[in-house]
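Hi,

Here is the structure I promised to pass on. Have a look at it first, and my notes follow below.

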Amino acid sequence: MLEGIKKAFASLTDKIKTTTLSESEIEKHVESFKLQLISNDVAVDVAEKLAAEVVERLKTIKVPRFSERREAVMQVLEESLSSVISEVDPDSSFINLVKSNYSSGKPTVVLFVGPNGGGKTTSVVKVSNYLKSKGLSSIIACSDTYRAGAIEQLKGLAERVGVRVVSHKYGGDPAAVALDAIEAAKAAKISTVLIDTAGRTEVDRNLLEEMRKIKRVSNPDVVIYVGDALAGNVVVEQVKRFNEYVGIDYVILAKLDADMKGGSAISVSYMTGKPIIFVGTGQGLDDLEPLDKKRLISTVLGHAS
Ligand SMILES: Nc1nc2c(ncn2[C@@H]2O[C@H](COP(=O)(O)OP(=O)(O)OP(=O)(O)O)[C@@H](O)[C@H]2O)c(=O)[nH]1
Ligand SMILES: [Mg+2]
């Protein structure tokens, strides 16, 4: 996982940790570091910002001894990475919102959107499972009435975590399914309604209009974009477009476990202003984790705990 960017950071550290280098030597090494980041799907703006910060901060390091210099370099890289990644703690944001809505008698409505095959349906069920682990109930609306097999897939996954799915027929109105699920949640005092939707691309006008309609009708408290880490730079562009169309609050980056490069995890929050709330770390329904910024940075810098 994340081998590409790990390598970029490791080779930069190797080159600059041992001796005190001239400014032009540092700049040369950082330039090749920047290109390595870009080739591992780090957005160009983010790679440039990281490179500029690293150069700036390295100039201020004046420690002659090897071990101290290595530590100082690591700290520079850590701080630079930290300035571009933004996390949000699901427990203090999302879970707290669910709890406070519940205590005032209303369900929290969460709308999941994203491109085809990004990981929405799996992530919806994972989030339901996560809520369950916090003692919170949920119901899922199958608002993908479009793709063949979508209802059966969702029901099959939901059964594994014991959560109820509200569905209509294929070809039905996805917004009506969402409304039904919201009514069912109110009647049964269920704390959260998770709305799974059909995959769509940012160029498909009809499906984008439909997504807007689902949002208008269901009036969600939270909108989550689910994207595929393997899509790299494409994720950044898609989050921006989806945000323009429907407005999103958080990103779930699925399939991080399979991502050999790592650029989207580093770039997406900085480029879009939307924090990553969870990352998908496998196909199992427990494979969902809050983005732990410290751990991500440790992993990238190769001293994971
Ligand atoms: N390795 C890995 N696979 C994942 C992860 N999340 C989802 N997948 C797999 O990705 C594939 C697509 O996932 P879905 O949840 O069906 O994606 P979707 O966005 O609902 O797809 P559509 O409804 O067709 O748009 C499935 O085979 C999932 O098992 C993850 O975090 N890691
Ligand atoms: Mg789906």
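**Where the two domains meet**

Between domain 1 and domain 2, about 1,200 Å² of area is buried, and carbon and sulfur atoms give 58% of that (buried area is the accessible area, with a 1.4 Å probe, that two parts lose on being put together, summed over both). Keep in mind that this is a predicted model, where local features need pLDDT of at least 70 and side-chain atom pairs count only at pLDDT 80 or more, while totals for chains, interfaces and linings use all residues. Residues are numbered from 1 along each chain as its sequence is written, chains are lettered from A and ligands numbered from 1 in the order in which they are written, and side-chain values use heavy atoms, without hydrogens and water.

The domains run 3–84 (domain 1) and 91–291 (domain 2), with bounds from an automatic or database domain assignment. Their centres, taken over C-alpha atoms, are 36 Å apart. Domain 1 puts 15 residues into the contact and domain 2 puts in 13 (contact means heavy atoms within 4.5 Å).

One salt bridge turns up across this interface (a side-chain nitrogen of Lys or Arg within 4 Å of a carboxyl oxygen of Asp or Glu).

Now the inside. The largest nonpolar core has 72 residues, and F9, L37, L81, I248 and I266 touch the most other members. Such a core is a set of buried Ala, Val, Leu, Ile, Met, Phe, Trp, Tyr and Cys residues joined through side-chain atoms within 4.5 Å, buried being under 20% relative accessible area (1.4 Å probe, protein chains only). Each domain supplies at least three residues to this core.

Methods:
Buried < 20%, exposed > 50% of the residue type's maximum accessible area, 1.4 Å probe, protein only.
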